2 protein chains.
Amino acid sequence: MTLLNKAISEAFLEAEKAKEEGEIPVGAVIFSDTEIIAKAHNLREQKKSPTAHAEILAIEEAAKKVSDWRLNDLSIVVTLEPCVMCAGAIMNSRLKNVYFAAYDPDAGAFGGNMDVSEGKCNICGGIFKEKAEDLISGFFKEKRKDEE
Amino acid sequence: MTLLNKAISEAFLEAEKAKEEGEIPVGAVIFSDTEIIAKAHNLREQKKSPTAHAEILAIEEAAKKVSDWRLNDLSIVVTLEPCVMCAGAIMNSRLKNVYFAAYDPDAGAFGGNMDVSEGKCNICGGIFKEKAEDLISGFFKEKRKDEE
């Protein structure tokens with residue numbers, strides 16, 4: 001299994017954790033050429049913080065680990081297309097490559113709803129798209145059922 | 001002095017603090033109709049974190065204070081136009097009004113370089129523009145002098 005594949009699997013496991021905790025299921029993993037550096041899942045409700053998206057938490061953990069705000073040599077994989085905030089954080093941290101699974105037509109900022117990248121990022125969207133879409137739509141279907 | 005004016009003054013004081021600490025001088029203040037809720041300045045170098053912009057730190061402090069990720073009833077004032085990450089965080093936190101001083105033609109995401117707001121935010125840019133521009137350009141002029 002290549003490291004990208006391992007990172008994707010770990011990102012999906014993180015998303016599952018978010019789901020179990022009642023959070024919108026999104027997971028993110030940051031990795032180098034040789035190892036996983038940071039992983040996180042959405043904690044917005046638990047942390048009561050609008051910035052506690054999976055990507056922001058993973059970026060902050062990675063920056064802490066490498067003791068630098070520049071993450072030039074690292075890549076990120078996310079189960080859902082980043083929103084404007086997270087896309088901006090990815091660009092600010094200069095992550096080398098961005099991989100994401102499902103496109104987000106409502107809030108995606110790397111092509112789904114808008115594109116804020118200005119060609120400054122290597123972006124690869126749509127990997128394991130169906131799996132990610134099932135995860136998100138399943139979550140909201142169950143949530144609606146609970147609310148009925 | 002109205003609360004907006006007070007918030008702007010405080011934001012400039014925060015920016016001055018950042019400057020004294022060798023950070024790019026940006027300050028942000030979040031306020032309600034009656035009081036200042038949170039204030040912060042850029043700490044990217046000190047925290048070695050790509051997310052430690054003034055706006056993100058102020059938003060996180062405000063969310064902690066009101067125990068909610070929704071900041072619907074609050075407004076933010078920033079000395080420099082927010083970047084993509086911060087503009088996204090402002091929208092995610094549903095802040096009611098956004099005021100900023102200098103436009104940022106390189107990285108501003110509320111009209112200076114691009115506009116990510118999609119009409120979802122009340123934005124007022126350019127207040128105390130000259131003061132903010134002097135602060136930023138003075139900082140970089142001194143920095144260049146130090147590096148010579």
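Contact, on this tour, means heavy atoms within 4.5 Å. Keep that in mind, and note that the model is predicted.

**Stop 1: a serine at the boundary**

Select S49(B). It sits in the loop between α2 (44-47) and α3 (54-66) of chain B. Is S49(B) buried or exposed? Its relative accessibility is 10%, so S49(B) counts as buried. The cut-off for buried is under 20%.

Now show what surrounds S49(B). Set aside its neighbours within four places in sequence. S49(B) is then in contact with R44(B) of its own chain, and with E60(A), A63(A) and W69(A) across in chain A.

**Stop 2: the whole interface**

Colour the two chains separately. How many residues of chain A are in contact with chain B? There are 27, and they meet 27 residues of chain B. Together the chains bury about 2200 Å². Carbon and sulfur atoms account for 63% of that area.

Select K48(A), P50(A) and W69(A) next. On the chain A side, these three lose the most area to chain B. Together they make up 28% of what that side buries. You have met W69(A) already, as a contact of S49(B).

**Stop 3: the helices that take part**

Stay on chain A. Highlight α2 (44-47), α3 (54-66) and α4 (84-92). Each supplies at least two residues of the side that touches chain B. Which element gives the largest share? It is α4(A), with six residues.

Colour that side of chain A by residue type. You should find twelve nonpolar, eight polar and seven charged residues.

**Stop 4: bonds across the gap**

Look for salt bridges between chain A and chain B. The rule finds zero. Then look for polar contacts. Here the count is six residue pairs, both residues at pLDDT 80 or more.

**Stop 5: the axis**

Zoom out to see both chains. A turn of 180°, with a shift of 0.0 Å along the axis, lays chain A on chain B with an RMSD of 0.0 Å. The two copies are therefore related as by a two-fold rotation axis.

Select M85(A). In chain A, its C-alpha is the nearest to the axis, at 2.0 Å. The same surface serves both copies: 100% of the contact residues of chain A recur in chain B.

**Stop 6: a lysine on a helix**

Finish with K145(B). Find it in helix α5 (residues 129-147) of chain B. K145(B) counts as exposed because its relative accessibility is 57%, and exposed means over 50%.

Last, draw a distance from K145(B) to I56(B). The two are 89 residues apart along the chain. Their C-alpha atoms are separated by 30 Å.

Conventions:
Residues are numbered from 1 along each chain as its sequence is written. Chains are lettered from A and ligands numbered from 1 in the order in which they are written. This is a predicted model: local features need pLDDT of at least 70, side-chain atom pairs count only at pLDDT 80 or more; totals for chains, interfaces and linings use all residues. Side-chain values use heavy atoms; hydrogens and water are left out. Buried area is the accessible area (1.4 Å probe) that two parts lose on being put together, summed over both. A salt bridge is a side-chain nitrogen of Lys or Arg within 4 Å of a carboxyl oxygen of Asp or Glu. A polar contact is a pair of N or O atoms within 3.5 Å; within protein, one must be able to donate a hydrogen and the other to accept it, and residues adjacent in sequence count only if both atoms are side-chain atoms. Helices (H or I, at least four residues) and strands (E, at least two) are DSSP runs, numbered from the N terminus. Ala, Val, Leu, Ile, Met, Phe, Trp, Tyr, Cys and Pro count as nonpolar, Asp, Glu, Lys and Arg as charged, and the others, Gly among them, as polar. Copies are superposed by least squares on the C-alpha atoms of residues with pLDDT of at least 70 in both. Buried means under 20% relative accessible area, exposed over 50%, partly exposed in between (1.4 Å probe, protein chains only).
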